[in-house]
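Subject: Structure handover

Hi,

Here is the structure I promised to pass on. My notes follow below it.

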Amino acid sequence: MSEPLVTYELDGPIALIGLNRSDKRNAISDAVIAELRAAVVRAHDEADVGLLHGHGTNFCAGLDLAEALARATGKIAPPRKRKRHSWHEVFDQIERGPIPFVAALHGAVVGGGLELAMAAHLRVCDDTAFFGLPEGQRGIFVGGGGTVRIQRVVGTTVMTDMMLTGRLLSPAEALQEHIVRYLVPAGQALAKARELAARIAQNSIETNWKIVHVLPRVQDLSHDDGLFVEQLNSAMARPPEVEQRLREFVEGKARPLVAPRGEDQS
Ligand code: 1HE
């Protein structure tokens, strides 16, 4: 059997998901996306925290440019129907699924590789990492959610510079631009990410879910709506009457949905 393009390992509550195409610098092909989707869905079921990393000397060199060329020249048949962009779907599953994700970054974190990293909730890099958006040089555009996720974190000025000039950011600059929160010596990103994931896994699952889901949505709301959503999420524990109401039904004491014949419902 051939090597998987994406490895999956469950370590207690942590699912480690590794891009495993180091001969092609972990470039993302359609097959990689399909395996990544399967791994993420499995992690949603089995784990409390996900961890993205790359095998070999790079996290990810972005879109598989050879496959993109084959597509552009008609060597790969276009899909028969329009469907949701597969990268958007999978990266959204990472960012807006039931569990938080940590990303361990090293070497190239470029193009779609940076877009994938930005779908995680917390990023760590080592000092071999470099960050870039070379789409301009390749004649294409970001397509893995970068206009939303990267721009919101680094701001329009920084993203525009990265895209127009192809400027690569160093680990220190990535820290300054909030792309990463932790910078460690070469070779230690995965260990640090595992340590952070283990810490996150000690939180309540319910609070982790709220951190992942409430924060980005409130960021999109007005001040007033944001405070309202915060209140709903902080104050709304399950009301005590729920248990009583469920028991009434289970014990046959609940009022029927449909009124018995002849009984006035008005
Ligand atoms: C690839 C890819 C790739 C490497 N697609 N095959 N991404 C880029 O523009 C980045 C392109 N890659 C590079 O600039 C360099 O490869 C790296 C800086 C990442 C690494 O350099 P290096 O010297 O270690 O490796 P290499 O010799 O350049 O590449 C090794 C092999 O990987 C080689 O294949 P080989 O068969 O000749 O051995 C490369 O062709 C292959 N390879 N990167 C396909 N990206 C949804 S929109 C997202 C848009 C984007 O992501 S744009 C950014 C694309």
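The ligand comes first. In this predicted model, 23 residues surround the ligand. K24, A61, L63, G112 and R138 are the closest.

Three polar approaches to the ligand are worth having on screen. A polar side-chain atom of K24 sits 2.4 Å from a ligand oxygen. G112 uses its backbone instead: an N or O atom there lies 2.7 Å from an oxygen atom of the ligand. L65 also works through the backbone, with a polar atom 2.8 Å from a ligand nitrogen. On its own, the ligand has 1000 Å² of accessible area, and the protein covers 64% of that. Which elements give two or more residues to the shell around the ligand? They are helix 2, strand 5 (108-110), helix 4 and helix 5 (135-138).

Helix 4 deserves its own look. It runs over residues 112-119 and is mostly covered. How many of its residues are buried? Eight of eight. The list reads G112, G113, L114, E115, L116, A117, M118 and A119. Note that the list includes E115. G112 appears in it too, and G112 is also among the closest residues to the ligand.

Next, the loop between strand 2 (14-19) and helix 1 (30-46). N26 is found there. So is N20.

N26 has a positive phi of about 60°, and it is not a glycine. Most residues other than glycine have a negative phi. N26 counts as buried because its relative accessibility is 0%, and the cut-off for buried is under 20%.

N20 is buried as well, with a relative accessible area of 16%. Its side chain makes a polar contact of 3.3 Å with the side chain of E3. The N20 side chain also reaches the backbone oxygen of P4, at 2.9 Å. Beyond four places in sequence, N20 is in contact with E3, P4, L5, V6, T7, N26 and H55. So N20 and N26, both in this loop, touch each other.

H178 is a second case of positive phi. The angle is about 65°, and again the residue is not a glycine. H178 sits in the loop between helix 7 (171-176) and strand 8 (182-184). Is H178 buried or partly exposed? Partly exposed, because its relative accessibility is 48%.

D64 is next. It lies in the loop between strand 3 (49-54) and helix 2 (65-72). D64 counts as buried because its relative accessibility is 8%. What does its side chain reach? The backbone nitrogen of A66, at 3.0 Å. Neighbours within four places aside, D64 is in contact with R21, A27, I28 and S29.

A15 gives a view of strand 2. It is buried, with a relative accessible area of 0%. Its C-alpha atom is 7.8 Å from that of D48, and the two residues are 33 apart along the chain. With neighbours within four places left out, A15 is in contact with Y8, E9, L10, A43, A47, V49, G50 and L51.

Last, some figures for the whole chain:

- The secondary structure comes to eleven helices and eight strands.
- The C-alpha trace spans about 75 × 45 × 45 Å along its principal axes.
- Of the 266 residues, 40% are buried.
- Among contacts with a separation of 6 or more, 71% join residues 24 or more positions apart.
- The accessible surface is about 15600 Å², with 55% of it on carbon and sulfur atoms.
- There are 30 positive and 33 negative side chains, and the centres of the two sets lie 5 Å apart.

If you open only a few views, start with the ligand and its polar approaches from K24, L65 and G112. Then turn to the loop that holds N26 and N20.

Best wishes

Note on methods: Residues numbered from 1 in each chain as written. Predicted model: local features only at pLDDT ≥ 70, side-chain atom pairs only at ≥ 80, totals over all residues. Heavy atoms only, no water. Helix = DSSP H or I, 4+ residues; strand = E, 2+ residues; numbered from the N terminus. Buried < 20%, exposed > 50% of the residue type's maximum accessible area, 1.4 Å probe, protein only. Polar contact = N/O pair within 3.5 Å; in protein donor to acceptor, adjacent residues only side chain to side chain. Contact = heavy atoms within 4.5 Å. Areas by Shrake-Rupley, 256 points an atom, 1.4 Å probe, with all protein chains shown as cover. Lys, Arg positive; Asp, Glu negative; His and termini not counted. Charge placed at Lys NZ, Arg CZ, Asp CG, Glu CD. Near = heavy atom within 4 Å.
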